[in-house]
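Thanks for making time this morning. I would like to walk through one model with you, taking its sheets and then its empty spaces, and I will give the criteria as we go.

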Amino acid sequence: MSSRLSQLQKLIQESELDGYFVPTTDEHLNEYVPLHHRRLEALSGFNGSAGTAIVLREGRSQLFVDSRYHIQADAQSGDHFEIRKLGLTGVPDIMEWLAEQSIGCRFGVDPFTVSPRSWRSWSQALLSCQSELVPVLGNLVDQTGSIAISERVEPNLLPLSWTGRSTSEKLTELRDQLDKHRATHFLLTQLDEIAWLTNLRGKDVPCNPVFESYALISKTEAICFCHFPASVELQSLTDWTFHLYEDYAPTLKQLAGDDSACVCLDPQGATMGTLLLLQDQSAQVLEAESPVIMPRALKNEVELQRIRYAHRQAAVGKIQSLARLKQAERNSEKVSEQQYARWLKCYYERRPDFADLSFETIAGAGANAAIVHYSNPSTEKILTDGEFLLVDSGIQCGGGTTDATRTMIWGEPDAEQQRCYTRVLQAHIRLARQVFPEGTNGAVLDGVTRSLLWNEGLDFGHGTGHGVGAFLGVHEGPQRISAFAGDVGFQSGMIISNEPGYYRTGWGGIRLENLYVVQPALQHPKHPDGKEWLCFDALTLIPFERKLVCEELLTEDEWNWLQNYHQQVWEEISPLLNEKGEKEHLRQACDWSQQSQANV
């Protein structure tokens, strides 16, 4: 790591720069990237899904991370980088830090790794101190040596019984938007958007069934640039023309010279490099939100059927792993974080239609449970009496994507652990039970979820909820639940996570996450303004940890919710369990009658 960092600093000096940006994102700005584009990890050792380094020619380089990665970044990169823990009092964000730099500095970045929106924000901040941001074509980190070799496979076409809509239907709807925007072409660069639009899935990114590609759509033609344009399966898609991935830039340059062309792109989804290919040419460039984002977010009935199927399969795998864990506890076996993660993956892989994990399993025990995205389960950390085990995991399976978190205890909990767990569970229930009018945004729902925790002096640094794809990314927009999510109103058909938590360094952490689908609240009285009332319907079907609950803190409504939820878990999952011991484990885990605590 230090050798690559030194090489990069030498290249920065040779390029007459004072600093160089290295974000986690790549040429498609997706959260998760192929192995050969994991530049920040290769440079710094930090393997979180979001972060930005500024490598300085002289002095200590900077690494900016949000609250999910404060502890992790310290451990992985603190020896060589100054860790800027965003969200903490007194810690400047990137724009503030740039504005404080010396006059006349030159900072470089590969324009194909940042969005126009980020580019403009950074440029404006540097302009305030008479400095500049310059595009550096040819990524400097790539010049320090090979990162990894990714093995590519041909994309495959999903059946209509999984997607519910053909790519032809989706293209027709998208082309209607061309007239609305008065554009001649839509340009798509994000991999999950192209996978959704084509109904193709690949394996170019671990845990994400996407394939490296670009798409250019006009009224008469839809072009996909990918690594296997001659594939028989791709050639069967008569609505599309497939070109080599490397033809993207030359094709775009040619289009840029057409004075009758108006190319529409998303300033948050496309890269600044793509925009530079089009700028200052004859073609007009229009910036607008991608027309794929909202149709992809509103799941159709077929997609929801497959998603529910995937969640049942994921529930079986996780419940089987937890039954094995309880057996190990009874037998006083030594179990490491990694051993449990291996058990879980093994049970997942046995499920029908399993394709992959949806992200690397988080299995953090003891103090490691406080690391929000702890993605490297250890062989050395052994589960210990009185310590939490936080497990966040999911799968890609049969047309659906899952994501669920449970926090367990090895041995017996103390009163403080029970109090904190119960308060987090109550926050989860509060959101799960909430009825709200259509168009309500995520900032409102975030406050609803956190209010009980705030009154107890508890809080958590990450968002409360994120969208999830249909056999696509485990994080998908535009819907989300956080204090900053005031721009998108919820609609029926959206999927959202509900994952309040509480974390304390050295003590551990608690997170309780289910996925829910937004649907009409048909039993609710009519809204006075005629709006549709909405509610959440559970997709995740996994028991909560009963012995971590302080009964005295629960209200009658909360008890009723827990009893109804666990009755649903039992009814849907128990028929899928064949082993007597596993079914008995589930029966006990789903027994939430108020007098049954002593039997759990």
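Let me begin at one residue pair: Y20 stands opposite G108 in β5, and this pair belongs to the contact between strand β1 (residues 19–23) and strand β5 (residues 106–109), which run parallel and are joined by two bridges. Before going further, I should say that this is a predicted model, in which local features need pLDDT of at least 70 and side-chain atom pairs count only at pLDDT 80 or more, while totals for chains, interfaces and linings use all residues. Residues are numbered from 1 along each chain as its sequence is written, and side-chain values use heavy atoms, with hydrogens and water left out.

As for the terms, helices (H or I, at least four residues) and strands (E, at least two) are DSSP runs numbered from the N terminus, and two strands pair if DSSP finds at least two bridges between them.

G108 also stands opposite V134 in β6, where four bridges join β5 to strand β6 (residues 132–135), again with the strands running parallel. Together with helix α5 (residues 116–127), β5 and β6 make a right-handed β-α-β unit; right-handed here says that, with the strands pointing away from the viewer, the path from the first strand over the helix to the second runs clockwise.

These strands are part of an open sheet of six, in the order β4-β3-β2-β1-β5-β6, with mixed pairing. The edge strands, each pairing on one side only, are β4 (81–85) and β6, and the twist averages 25 degrees from one strand to the next. Axes are lines fitted to C-alpha atoms, for helices over the stretch in contact, and angles run from 0 to 180 degrees between N-to-C directions. On the other side of β1, where does the antiparallel pairing come in? Five bridges join β1 to strand β2 (residues 52–56), and these two run antiparallel, with A53 in β2 as the bridge partner of V22. Helix α3 (residues 70–77) packs on the sheet, touching β3 (61–65) and β4, and its direction makes about 180 degrees with that of β4, contact being heavy atoms within 4.5 Å. Helix α5 packs on this sheet too, touching β1, β2, β5 and β6, with its direction at about 140 degrees to that of β6.

A further open sheet has three strands in the order β16-β17-β20, with antiparallel pairing. Its edge strands are β16 (362–365) and β20 (404–410), and the twist averages 15 degrees from one strand to the next. Helix α13 (residues 301–330) packs on the sheet, touching β17 and β20, and its direction makes about 10 degrees with that of β20.

Helix α13 returns when we turn to the pockets, since it gives the largest share, nine residues, of the lining of the second largest pocket. A pocket is an open set of points on a 1 Å grid over the protein atoms alone, where a 1.4 Å probe fits, with protein on both sides within 12 Å along at least five of seven lines, and lining residues have an atom within 4 Å of a point. Of the 26 residues lining this pocket, L322, A323, K326, R330 and H585 lie nearest its centre. Helix α18 (580–589), like α13, supplies at least two residues of that lining.
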